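Student: I would like a close look at one helix of this model and at what surrounds it in the chain. Please begin where that helix ends, and say along the way how far the model can be trusted.

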Amino acid sequence: MHGTKQRPADAHPGQWVLIAPEAATDPPKTADSEPLFTKLRNPSTGEATLYLFNSGAQQLFEVKAFHEEYRSWFIGQTVQQDGRLLFVTPMDPLFLILYYLIKADKEQGKFQPLDQVVLDSEYPSCPLLLKCADVKQYIQHVTEEKEIGSQKFHKYSQEKTLKWLKKKVNQTVKALKSNNISVGERVHAATFISGKQITDSKEDYVRYAHGLISEYIPEDLSKELLKYLGLPELKSRAPEPPLKMPAQRHGKKK
């Protein structure tokens, strides 16, 4: 679907051209549940990243921007100076929630209600992650759970998380193969492997899928996942030695 997020004509900086699935731009059921563009903490880097909650915050979407210099859009009778093209794709909110679970486990190391874990003063929209459909059902894939009375308490589980991430890797491998996407050359280029015939081996697919999933998890967890998948950590090629500088000639003292 092609669509635009539009505001009054004098508010061009808040207007974008985007490609999004229907679910991302469905009209709100109530006046206070419109789709929301908001910045949240990137689960891999911890830095601000743009996301989209659909109507009622039932689903989370990742927003990627394609940008070229000297590009603009004609929208109606106006010129949109921001020439970026935004791609909106579904995103599993558990990846973003996982960031806070790991953080809480390092700082407190105890069972807590989710609404006390998924909080961030810098990103006030963060609690909306818990409103996404099926989060409460699938949170068990990354946490240990205790129930006291009618309240549930959760604590990050690395063992469960690695098992869940391995399933994500396997699903990604399956999708790559079913779409006939070749990965061997990309893997060999990224890991500086040379001198071998390039083929799409099982390890190549798993390693490439691991790289894709690693874009959504912290670096330490990515390394643990690499071990869990049984993949050796490849070292990047050593840098070339600096070129020798010509010897300087020293003038004779008179």
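Tutor: Just after helix H1, Gly109 takes a positive phi of about 65°. Everything here comes from a predicted model, in which local features need a pLDDT of at least 70 and side-chain atom pairs count only at pLDDT 80 or more, while totals for chains, interfaces and linings use all residues. Residues are numbered from 1 along each chain as its sequence is written, and side-chain values use heavy atoms, with hydrogens and water left out.

H1 itself runs over residues 93–107, and its 15 residues reach 22 Å from the first C-alpha to the last, close to the 21 Å expected at 1.5 Å a residue (the expected span being 1.5 Å times one less than the number of residues). It belongs to a chain with seven helices and 10 strands, where helices (H or I, at least four residues) and strands (E, at least two) are DSSP runs numbered from the N terminus. At the start of H1, a side-chain oxygen of Asp92 comes to within 3.0 Å of the backbone nitrogen of Leu94.

Which residues of H1 are buried? They are Pro93, Leu94, Phe95, Leu96, Ile97, Leu98, Tyr100, Leu101, Ile102 and Ala104, where buried means under 20% relative accessible area, exposed over 50% and partly exposed in between, with a 1.4 Å probe and protein chains only. In the chain as a whole, 37% of the 254 residues count as buried.

The largest nonpolar core (buried Ala, Val, Leu, Ile, Met, Phe, Trp, Tyr and Cys residues joined through side-chain atoms within 4.5 Å) has 45 residues, and Leu60, Phe95, Ile97 and Leu129 are those with the most contacts inside it. Two or more residues of this core come from each of strand S4 (48–53), H1, helix H2 (114–117), helix H4 (158–178), helix H6 (202–214) and helix H7 (219–228). Of these elements, H1 gives the most, with nine residues. Another core lies apart from it, with seven residues that include Leu52, Phe61, Val63 and Val88. In soluble globular proteins, nonpolar side chains tend to be buried together.

From within H1, Ile97 is in contact (heavy atoms within 4.5 Å) with Val118, Leu129, Leu130, Val135 and Ile139, once neighbours within four places in sequence are left aside. Among contacts in the chain between residues at least 6 apart in sequence, 55% join residues at least 24 apart.

Next to Val135, one of the contacts of Ile97, the loop between H2 and helix H3 (135–138) holds Asp134, whose phi is near 75°, a positive value in a residue other than glycine. Asp134 is partly exposed, at 42% relative accessibility. Two cysteines, by contrast, are buried, Cys126 with a relative accessible area of 0% and Cys132 with one of 4%; if a disulfide is taken as a pair of cysteine sulfur atoms within 2.5 Å, the count comes to zero.

On the other side of H1 in sequence is strand S8 (residues 85–91), in which Thr89 is found. Thr89 is partly exposed, with a relative accessible area of 35%, and, not counting residues up to four places away in sequence, it touches Leu60, Phe61 and Glu62. Thr89 and Phe61 are 28 residues apart in sequence, yet 5.3 Å apart in space, C-alpha to C-alpha.

Phe61 is also touched by Asn54, as are Ala23, Ala24, Glu34, Pro35 and Gln59, again not counting residues up to four places away in sequence. Asn54 lies in the loop between S4 and strand S5 (60–66) and counts as buried at 9% relative accessibility, and a polar atom of its side chain lies 2.8 Å from the backbone nitrogen of Gln59. The loop between S4 and S5 also contains Ala57, which has a positive phi, near 55°, although this residue is not a glycine, and which is buried with a relative accessible area of 6%.

As to trust, the chain averages a pLDDT (the predictor's confidence in each residue, from 0 to 100) of 79, and 69% of the residues score at least 70. Over residues 191–195 the pLDDT is below 50, and that stretch has six contacts in the model beyond near neighbours in sequence. Residues 237–254 likewise stay under 50, with one contact beyond four places in sequence.

How values were computed
A polar contact is a pair of N or O atoms within 3.5 Å; within protein, one must be able to donate a hydrogen and the other to accept it, and residues adjacent in sequence count only if both atoms are side-chain atoms.
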